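Trainee: I'd like to learn how to read a structure like this. Can we walk through it together?

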Amino acid sequence: MAPSSKADKKGAADAGAWMFNVVTSVGIIIVNKALMATYGFSYATTLTGMHFATTTLMTGVLRWLGYIQASHLPFPELLKFVVFANFSIVGMNVSLMWNSVGFYQIAKLSIIPVSCLLEVLLDKIRYSRDTKLSIGVVLLGVGVCTVTDVSVNAKGFIAAFIAVWSTALQQYYVHYLQRKYSLSSFNLLGHTAPSQAATLLLLGPFLDFWLTNKRIDTYDYSTVSVIFIVLSCIIAVGTNLSQFICIGRFTAVSFQVLGHMKTVLVLIMGFFFFGKDGLNLHVVLGMTIAVAGMIWYSNASSKPGGKERRSLSLPTSRQQKQSNLPESDEHDGKV
């Protein structure tokens, strides 16, 4: 196959992965907002457990049908991933409760520099000046869009710190585990989703009661609210899968930087749903800056030297054949 044809197919697959993630992520935000704001289902942690239970069911069916092949993930690696992932979910929920919305948004933005630090320290990634500057532009634009009041306290700062680092580590591990153990996105979900579902469904009701002072067993379920819960769980399967696909194809940093397009789309959709009060001059300015930064990042990081690995690529658990050594052991490889 011609190199240009391969590049075209990869570009189309990359674009499809991003669109899959954007559509499912924005969709689940809208559904969950309606579920919580309109129907009063404020049990976010338990709902996340339901999401992973649905994902577990989906991967089980696909494995039974033969679409997912058998694979191995060592228990210590699985345990680390589940700890990071669950601390990320719980930490973000607690951070939102204990901090102002402005500081919560700043904490979410700080995931990008923390992810960059992890790639520099653990993967020996080297960023060009333009790539660094473009990340800064994205952070500035999203900050202008979303950060309003900013107040912080000691326990809120600790919750945000835990949430930021656990989220960055969880997303780094998605990329790391897929490469090291040659796992597909479906394989990795099949290993991690059952453990996350079990722990979140077990601890979620207690955590939600602590955060909201409401018990899930006393919630007044209606036909419409149940439909929204089921719809949220179905969309979450796509959200979980698309996250693993995107981070596996790219990196956690690229996923975070370009993923802020979802923030821009949510703000725009908020304007259509809630009127012009949701969109003012400084929000439009911030969105313009953020989109410009994303375009710059895409261009800068794809250029030679934009984002390179300074040492040998991460070894996989499967031995590479001698004939493949020139391809897999390139120094300063593009990532």
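Mentor: Sure. Keep in mind that this is a predicted model. Let's start with burial: a residue counts as buried when its relative accessible area is under 20%. Asp-123 has 9% relative accessibility, so Asp-123 counts as buried.

Trainee: Where is Asp-123 found, and what does Asp-123 touch?

Mentor: Asp-123 is in the loop between α5 (111-122) and β1 (125-127). Not counting residues up to four places away in sequence, Asp-123 touches Leu-118, Tyr-172, Arg-179 and Arg-309. Sequence separation and distance in space are two separate readings: Asp-123 and Tyr-176 are 53 residues apart in sequence, with 9.3 Å from C-alpha to C-alpha.

Trainee: Next, helix pairs. At what angle do the axes of α3 and α7 cross?

Mentor: At roughly 145°, and the axes of α3 (residues 75-98) and α7 (residues 154-180) come within 7 Å. The crossing is left-handed. The residues of that contact divide into 16 nonpolar, seven polar and four charged.

Trainee: Is Ser-166, in helix α7, buried or exposed?

Mentor: Use that cut-off again: Ser-166 has 5% relative accessibility, so Ser-166 counts as buried. Leaving aside neighbours within four places in sequence, Ser-166 is in contact with Phe-84, Phe-87 and Ser-88.

Trainee: And how do I read a bent helix?

Mentor: Compare spans. A straight helix of 28 residues would span 40 Å, but α8 (residues 185-212) spans only 34 Å between its end C-alpha atoms. Now look for a bend: α8 bends by about 45° at Gly-204, and Pro-205 follows within four residues. Just after α8, Asn-213 takes a positive phi of about 60°.

Conventions. Residues are numbered from 1 along each chain as its sequence is written. This is a predicted model: local features need pLDDT of at least 70, side-chain atom pairs count only at pLDDT 80 or more; totals for chains, interfaces and linings use all residues. Side-chain values use heavy atoms; hydrogens and water are left out. Axes are lines fitted to C-alpha atoms, for helices over the stretch in contact, and angles run from 0 to 180 degrees between N-to-C directions. Helices (H or I, at least four residues) and strands (E, at least two) are DSSP runs, numbered from the N terminus. A crossing is left-handed if the near helix is turned anticlockwise from the far one by less than a right angle, and right-handed if clockwise. Ala, Val, Leu, Ile, Met, Phe, Trp, Tyr, Cys and Pro count as nonpolar, Asp, Glu, Lys and Arg as charged, and the others, Gly among them, as polar. Buried means under 20% relative accessible area, exposed over 50%, partly exposed in between (1.4 Å probe, protein chains only). Contact means heavy atoms within 4.5 Å. The expected span of a helix is 1.5 Å times one less than its number of residues. The bend at a residue is the angle between axes fitted to the seven residues ending there and the seven starting there.
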